Amino acid sequence: MTVSDDTLKELFNKALDAAKKSYSPYSRFPVGAALLMEDNSIYTGCNVENRSYGLTNCAERTAVFKAVSDGHTSIQAVAIAAPKADYPVGPCGACRQVLTEFSDGKAKVIFGNKIEKAVVKTLEELYPFDSLHELAN
Ligand code: THU
């Protein structure tokens, strides 16, 4: 299904809102994510840090785990907002791997600090040869 630019913009606004809930006292770098799922439901997430830094969960994975644990396993589109960054922050490698588990790779990903400077890619552009969909063919 093709996701319109307006829908991507709305999704990005939800990611910006989700960033307000960020628990990031260590990095002071709030991130929000919003996922549009197969039934048009939207799941949001924020980064959740820990005093043991390596236990931090990124906003994207928080949103994925919320959606999957609610029974939604197919992502149509992803938005990531890092409002304090001075450049568009794309998902980290771990999150790319987790996101591709629940998408055929065609899902659009919009990321940025603000809508005017947001970048749009597909998941397969961000994570080609994901060793899941190649094997399935
Ligand atoms: N972070 C995310 O939540 N998502 C990203 O795509 C990049 C990084 C978080 C992890 C950590 O809490 C903070 O940003 C600084 O790296």
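**Entry 1: a loop residue, and ground rules**

I started at N40, which lies in the loop between β1 and β2. I take helices (H or I, at least four residues) and strands (E, at least two) as DSSP runs, numbered from the N terminus. This is a predicted model, where local features need pLDDT of at least 70, side-chain atom pairs count only at pLDDT 80 or more, and totals for chains, interfaces and linings use all residues. Residues are numbered from 1 along each chain as its sequence is written, and side-chain values use heavy atoms, with hydrogens and water left out.

I then looked up the backbone of N40. Its phi is positive, about 70°, although N40 is not a glycine. Most residues other than glycine have a negative phi.

**Entry 2: confidence**

I checked pLDDT, the predictor's confidence in each residue, from 0 to 100. The protein chain averages 96, and 97% of the residues score at least 70. Which elements have the lowest and the highest mean pLDDT? Helix α5 (residues 133-136) has the lowest, at 69, and β2 has the highest, at 99. Where pLDDT is low, the predicted coordinates should not be read in detail.

**Entry 3: other positive phi values**

I went on to F129, found in the loop between α4 and α5. F129 has a positive phi of about 50° and is not a glycine. I looked up its cover as well: F129 counts as exposed at 71% relative accessibility. My classes are buried for under 20% relative accessible area, exposed for over 50%, and partly exposed in between (1.4 Å probe, protein chains only).

G71 also takes a positive phi, about 95°, just after α2.

**Entry 4: salt bridges**

How many salt bridges does a search of the whole structure find? It finds two. I count a side-chain nitrogen of Lys or Arg within 4 Å of a carboxyl oxygen of Asp or Glu.

One joins the side chains of K20 and D17, at 2.9 Å from N to O. K20 is exposed, with a relative accessible area of 68%. D17 is partly exposed at 46%.

The other pairs K106 with E124, and here the closest N and O atoms are 2.9 Å apart. K106 sits in the loop between α3 (93-100) and β4 (108-112), and E124 in helix α4 (residues 123-126), so this pair ties together parts 18 residues apart in sequence. K106 counts as exposed at 52% relative accessibility. E124 is partly exposed at 34%.

**Entry 5: the loop between α1 and β1**

I looked up three residues of this loop. S22 has its place there, P30 lies there, and Y23 is found there too. The loop runs between α1 (5-19) and β1 (32-37).

S22: buried or exposed? S22 is buried, at 17% relative accessible area. Its side chain makes a polar contact of 2.7 Å with that of N47. A polar contact is a pair of N or O atoms within 3.5 Å; within protein, one must be able to donate a hydrogen and the other to accept it, and residues adjacent in sequence count only if both atoms are side-chain atoms. Beyond its neighbours within four places in sequence, S22 is in contact (heavy atoms within 4.5 Å) with F29, P30, V31, C46 and N47.

P30 is buried as well, with a relative accessible area of 13%. With neighbours within four places set aside, its contacts include A19, S22, N47 and P83. I also took a distance: the C-alpha atoms of P30 and L16 are separated by 9.4 Å, the two residues being 14 apart along the chain.

Y23 is partly exposed, at 43% relative accessible area. Y23 forms a nonpolar surface patch with Y26, V48 and Y53, with about 430 Å² of accessible area together.

**Entry 6: helices α2 and α1**

I listed the buried residues of helix α2 (residues 59-69): A59, E60, R61, T62, A63, V64 and A67. What covers them? The cover includes β1, β2 (42-46), β3 (75-81) and α3.

Last, I looked up K14, which lies in helix α1. K14 counts as partly exposed at 39% relative accessibility. K14 touches A34, I42 and T44, not counting residues up to four places away in sequence. The C-alpha atoms of K14 and T2 are separated by 19 Å, with their positions twelve residues apart along the chain counted as the offset.

Notes: Patch = residues over 30% accessible without salt bridge, like charges linked within 9 Å, V, L, I, M, F, W, Y side chains within 5 Å. Areas by Shrake-Rupley, 256 points an atom, 1.4 Å probe, with all protein chains shown as cover.
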